[in-house]
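Please examine the sequence and the three-dimensional view together. The explanation below proceeds from one element to the next.

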Amino acid sequence: MNNTEGYITKATPLLIQSGKELKMRKLLCLTSILSISLALAACGNNNSSATDRDHNANDNLNREPEQSKEDNISNAKIKLTFDNKEVVVRMYDNPVSKDFLARLPLTATFEDYIGKEKISILQKRLSIDDVQAEDLFKKGDFAYYAPWGNVAIFHKDFEDATNDLIILGQIESGKENFENVDGTFTVRIEKVTK
């Protein structure tokens with residue numbers, strides 16, 4: 001029995017040492033797997049980010065550059081004629097402006113509204129599908145006010161902005177002609193064909 005006890009006693013440190021060694025190997029193996037997994041995940045994200053960047057770059061090449069409202073205008077112009085006076089408006093390139101242009105020529109009755117704009121309610125409302133209304137406008141804007149179905153020409157600035165305006169264009173010449181007209185007046189609106 002002494003031989004057996006000696007064998008067990010001598011073998012026990014080897015088993016303990018082997019157990020520690022086994023735990024270390026498992027820990028190193030798990031650490032390596034975790035490190036490799038994280039590295040692969042990071043590479044995968046970098047590749048997808050690079051792919052997304054390439055895709056977005058290609059999309060941007062195929063799109064026209066985004067421009068501010070003032071720069072995003074078409075070559076279309078309209079002329080408003082009244083009382084032997086003219087106002088020329090350069091139209092913005094948006095669907096509501098295009099809908100308005102498609103209805104020209106037309107005769108409309110304008111009237112003063114709060115001393116800062118001239119308005120005319122259209123016989124038929126313009127299509128405003130997929131168009132974002134704005135609350136920023138300035139003197140000289142030619143706009144459409146969707147809730148009332150009217151066009152408006154702002155001849156003075158004012159602080160009480162509404163968020164239901166769609167800016168159709170900007171007066172290019174003759175802005176002062178609207179400032180001096182009182183009451184109701186008839187306007188002939190047509191495309192400028194130059």
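The paragraphs that follow discuss a helix, a strand and its partners, salt bridges, and a surface patch.

The model is predicted, and a convenient place to begin is helix H2, which spans residues 95-102. Its N-terminal end is capped by Asn94, of which a side-chain oxygen lies 3.1 Å from the backbone nitrogen of Val96. The buried residues of H2 are Val96, Ser97, Asp99, Phe100 and Leu101. Ser97 deserves attention. Its relative accessibility is 0%, and because buried means under 20% relative accessible area, Ser97 counts as buried. A polar atom of the Ser97 side chain lies 2.9 Å from the backbone oxygen of Leu168. Leaving aside residues up to four places away in sequence, Ser97 touches Met91, Tyr92, Ile167 and Leu168.

The next element is strand S7, which comprises residues 165-173. Seven of its nine residues are buried, so S7 is largely enclosed by the rest of the structure. Strand S2 (residues 85-92) pairs with S7 in the antiparallel sense over four bridges; here Val88 has Ser173 as its bridge partner in S7. Strand S5 (residues 141-145) also pairs with S7 in the antiparallel sense, over five bridges, and the bridge partner of Tyr144 in S7 is Ile166.

Salt bridges add further links, and the count comes to eight. One of them joins Lys77 and Glu172, whose closest N and O atoms are 2.8 Å apart. This pair links distant parts of the chain, since Lys77 is in strand S1 (residues 73-82) and Glu172 is in S7, 95 residues apart. Lys77 is partly exposed, with a relative accessible area of 22%, and Glu172 is partly exposed at 40%. Lys77 and Glu172 are also linked with Arg90 in a network of salt bridges.

A further salt bridge joins the side chains of Lys139 and Glu179, at 3.1 Å from N to O. Lys139 lies in the loop between S4 and S5 and Glu179 in helix H3 (residues 175-179), so the pair ties together parts that are 40 residues apart in sequence. Lys139 counts as partly exposed at 32% relative accessibility, as does Glu179 at 30%.

Finally, which residues form a nonpolar patch on the surface? They are Tyr113, Ile114 and Trp148, with about 290 Å² of accessible area together. Ile114 is found in the loop between strand S3 (106-113) and strand S4 (117-121). With a relative accessible area of 52%, Ile114 is exposed, whereas Ser97 in helix H2 is buried at 0%.

Technical notes:
Residues numbered from 1 in each chain as written. Predicted model: local features only at pLDDT ≥ 70, side-chain atom pairs only at ≥ 80, totals over all residues. Heavy atoms only, no water. Buried < 20%, exposed > 50% of the residue type's maximum accessible area, 1.4 Å probe, protein only. Helix = DSSP H or I, 4+ residues; strand = E, 2+ residues; numbered from the N terminus. Polar contact = N/O pair within 3.5 Å; in protein donor to acceptor, adjacent residues only side chain to side chain. Contact = heavy atoms within 4.5 Å. Pairing = 2+ DSSP bridges. Patch = residues over 30% accessible without salt bridge, like charges linked within 9 Å, V, L, I, M, F, W, Y side chains within 5 Å. Areas by Shrake-Rupley, 256 points an atom, 1.4 Å probe, with all protein chains shown as cover. Salt bridge = Lys/Arg side-chain N within 4 Å of Asp/Glu carboxyl O.
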